[in-house]
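The following note was prepared for a colleague who wished to have the main structural points set out in order. Each point may be checked against the sequence and the coordinates.

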Amino acid sequence: MRHHFLVASPYLADPRFHGGVVYLCEHSDDGALGLMINHPLDIHLGEILEQLDLPGGELDLPVFSGGPVQPERGFVLHPPETSWQNTAKVTEDVLLTTSRDVLAGIGRGEGPEEYLVALGYSGWGEGQLEDELGSNAWLTCPANTDILFRTPWKDRYKAVLELIGIDLNQLSESVGHA
């Protein structure tokens, strides 16, 4: 399920994910890792760059709460325009970088043209995501870069629901046939 969106259903008990859209970066037998892409923090990218003594303090762009795990750790999703030190390939169109050099590049205006910065991540242990999917906690669909990089964050939840073709008012709490 790598490169899929997970949309928190109304039946997900964890309030940290209410109304959340998670971009799934990794999914294997060992577990899953994703970044929430529509819950901005009360800090802007320029503030983070200043804290790291990097240029770009004027950048008034949102930084997202990627999830509750390791909220001090930074992640940057971006297209594969440039190579950075600690970068993992999610797909041919999306890379995940965790090194400081990408932030320095962004601050100097030499970074990727499109990017999303998050602090923390959403993680699931072995079989945990599958259990949550089986209990209707998440809706899923293949991701696309238009929503990831070009859709305003306030519109991402609605855009993913439209992509799925789901009306939240029509969801049921039960799995299977009636």
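**Notes on the predicted model**

1. N136 is found in the loop between α3 and β10. The model is a predicted one, and in it N136 has a positive phi of about 65 degrees although it is not a glycine. By way of background, most residues other than glycine have a negative phi. With a relative accessible area of 22%, N136 is partly exposed, because the buried class is reserved for values under 20%.

2. H3 also merits attention for its backbone. Its phi is near 65 degrees, a positive value in a residue other than glycine. H3 lies in the segment before β1. At 18% relative accessibility, H3 counts as buried.

3. Two glycines that follow helices should be noted here. Just after α2, G109 takes a positive phi of about 80 degrees. Just after α5, G165 takes a positive phi of about 85 degrees.

4. Helix α2 spans residues 100-107. Of its 8 residues, 6 are buried, so the helix is largely enclosed by the rest of the structure. The buried residues are V102, L103, A104, G105, I106 and G107. Their cover includes helix α1 together with strands β6 (69-78), β8 (95-97) and β9.

5. Helix α5 (residues 156-164) has as its buried residues R156, Y157, A159, V160 and L161. The elements that cover them include β1 (4-8), β2 (21-28), β5 (62-65), β9 (116-124), β10 (138-142) and α4 (145-150). Strand β9 therefore appears in the cover of α5, and β9 is also listed in the cover of α2, where covering is a matter of heavy atoms within 4.5 Å.

6. Helix α3 (residues 128-134) contains E130, and E132 is found in α3 as well. Is E132 buried or exposed? E132 is buried, yet it has no salt bridge; the nearest side chain of opposite charge, R16, is 8.5 Å away. That distance leaves the pair unjoined, because a salt bridge requires a side-chain nitrogen of Lys or Arg within 4 Å of a carboxyl oxygen of Asp or Glu. Not counting residues up to four places away in sequence, E132 touches L12, W124, A137 and W138. R16, for its part, forms a salt bridge with D14, with the closest N and O atoms 2.6 Å apart.

7. E130 counts as partly exposed, at 36% relative accessibility. E130 belongs to a negative surface patch, which is formed by D29, D30, E126, E130 and D131. The accessibility of E130 meets the requirement for such a patch, because members must have over 30% relative accessible area.

8. How many salt bridges does the model contain? The count comes to 7 salt bridges. As general background, side chains of opposite charge can pair when their charged atoms come close. One of the pairs joins R108 to E110, the closest N and O atoms being 2.9 Å apart. R108 counts as partly exposed at 46% relative accessibility, and E110 is likewise partly exposed, with a relative accessible area of 49%.

9. A further salt bridge is made by the side chains of R150 and E114, at 2.7 Å from N to O. R150 lies in helix α4 and E114 in the loop between α2 and β9, so this pair ties together parts that are 36 residues apart in sequence. Salt bridges that share partners join E114, D146 and R150 into one network. R150 counts as partly exposed, at 44% relative accessibility.

10. K89 lies in strand β7 (residues 87-89). K89 is partly exposed, with a relative accessible area of 49%. Leaving aside its neighbours within four places in sequence, K89 is in contact with R2, V94 and L95. K89 and K158 are 69 residues apart in sequence, and their C-alpha atoms are 27 Å apart in space.

11. Q51 has its place in helix α1 (residues 45-51). Q51 is exposed, with a relative accessible area of 60%. Q51 and F75 are 24 residues apart in sequence and 16 Å apart in space, C-alpha to C-alpha.

How values were computed:
Residues are numbered from 1 along each chain as its sequence is written. This is a predicted model: local features need pLDDT of at least 70, side-chain atom pairs count only at pLDDT 80 or more; totals for chains, interfaces and linings use all residues. Side-chain values use heavy atoms; hydrogens and water are left out. Patches are made of residues with over 30% relative accessible area and no salt bridge: like charges are joined within 9 Å, nonpolar side chains (Val, Leu, Ile, Met, Phe, Trp, Tyr) within 5 Å. Accessible areas come from the Shrake-Rupley method with a 1.4 Å probe; for residues, only the protein chains shown count as cover. Lys and Arg count as positive and Asp and Glu as negative; His and the chain ends are not counted. The place of a charge is taken as NZ of Lys, CZ of Arg, CG of Asp or CD of Glu. Helices (H or I, at least four residues) and strands (E, at least two) are DSSP runs, numbered from the N terminus. Buried means under 20% relative accessible area, exposed over 50%, partly exposed in between (1.4 Å probe, protein chains only).
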